[in-house]
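Biologist: I should like a close look at one part of this model, namely the surface patch of negative charge. Please then set the aromatic pairs beside the patch.

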Amino acid sequence: MKKIIFAAIVLVANLYTSYAQNTVVQESNFAFGKENYSAWVGSVEDGELGKDAYEKYVEKKLGFKVKRGDAKHVYISEKISFPAVSANKRGDLLFFVEEKDDNKNGKLDVALAYAFGYDIVVNTKDYPEEMKKLETIMKNYLLFYYTEAYNKQIKGLEDKIKDLNRDIDKNKSKAKGLERDNDKLSKKVGKAKAEDKMKLEQEKVNNQAEIQRLNDSNGLIEKQVNQVQSEISAIKTKISALK
């Protein structure tokens, strides 16, 4: 019983650690093209998905349009009214996503900044309340990204299960065909001449061996299906831990 309780504690701890790592952000002076802005910086594992998730997040969750900025990998929502960060000042919401891993162990930088003007950027020193709210926006984006990423993984695994099940069905169909062939051979054996019976019996043996091989193959495939289903369950648990 103690071992079970300990395992449960470890699982919860691991899930919490995973959640915390996914949403870790830090304030940093970050380059958005030629300009440096105070920003919340986090990380993702897939640059293309990071970009797509940001566009979806801003348009669906925040209600703003997103367009490509002048600098590569920079996305901007211009002159927006953004009460979630500032109740009375319009500004530009800037997002950067790195698309190439520069020796960061598979992690890519993402950064979020909010500028009231060319040289007036939300930061903790001058705009602590607004910067704290922007941190929440950034963390919510990361939660949205990782949910998208996990769902993408699940979709890939579900497609894999479909392929495996198709292989199982094909093997079953082949085995049934061979069983029908053996039924026909059995009838032929009863009517065959002595010199032909051995050949027919050998054909039956060969068919039975192939049936066994197909059944054994299905057993292995079913284990793969179970393993993939376990992977899906583990990913769904990660998604639940994000909420």
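Modeller: A residue counts as buried under 20% relative accessible area, as exposed over 50%, and as partly exposed in between. The model under discussion is predicted. Glu 179 has a relative accessible area of 42%, and is therefore classed as partly exposed. Glu 179 lies in helix α3 and belongs to a surface patch of negative charge, in which it gathers with Asp 181, Asp 183 and Glu 203. The greatest contribution to this negative patch, 3 residues, comes from helix α3, which spans residues 128-191.

The aromatic pairs bring in helix α3 again. There are 14 aromatic pairs in the count. One of them joins Tyr 54 and Tyr 141 edge-to-face, at 5.7 Å centre to centre and with 75° between the planes. This pair connects distant parts of the chain, since Tyr 54 is in helix α2 (residues 47-62) and Tyr 141 is in helix α3, 87 residues apart. Tyr 54 and Tyr 141 are both buried. A further edge-to-face pair is formed by Phe 82 and Tyr 114, with 5.6 Å centre to centre and 75° between the planes. Here too distant parts of the chain are linked: Phe 82 sits in the loop between β4 (74-81) and β5 (90-97), Tyr 114 in strand β6 (residues 108-117), 32 residues apart. Phe 82 has a relative accessible area of 3% and so is buried; Tyr 114, at 0% relative accessibility, likewise counts as buried. Finally, Tyr 54 and Tyr 141 belong to a cluster linked by ring pairs, together with Tyr 57, Phe 95 and Phe 144.

How values were computed: Residues are numbered from 1 along each chain as its sequence is written. This is a predicted model: local features need pLDDT of at least 70, side-chain atom pairs count only at pLDDT 80 or more; totals for chains, interfaces and linings use all residues. Side-chain values use heavy atoms; hydrogens and water are left out. Patches are made of residues with over 30% relative accessible area and no salt bridge: like charges are joined within 9 Å, nonpolar side chains (Val, Leu, Ile, Met, Phe, Trp, Tyr) within 5 Å. Accessible areas come from the Shrake-Rupley method with a 1.4 Å probe; for residues, only the protein chains shown count as cover. A salt bridge is a side-chain nitrogen of Lys or Arg within 4 Å of a carboxyl oxygen of Asp or Glu. Lys and Arg count as positive and Asp and Glu as negative; His and the chain ends are not counted. The place of a charge is taken as NZ of Lys, CZ of Arg, CG of Asp or CD of Glu. Helices (H or I, at least four residues) and strands (E, at least two) are DSSP runs, numbered from the N terminus. Buried means under 20% relative accessible area, exposed over 50%, partly exposed in between (1.4 Å probe, protein chains only). Rings of Phe, Tyr and Trp (its six-membered ring) pair if their centres lie within 6.5 Å; planes under 30 degrees apart count as stacked, over 60 as edge-to-face and the rest as tilted.
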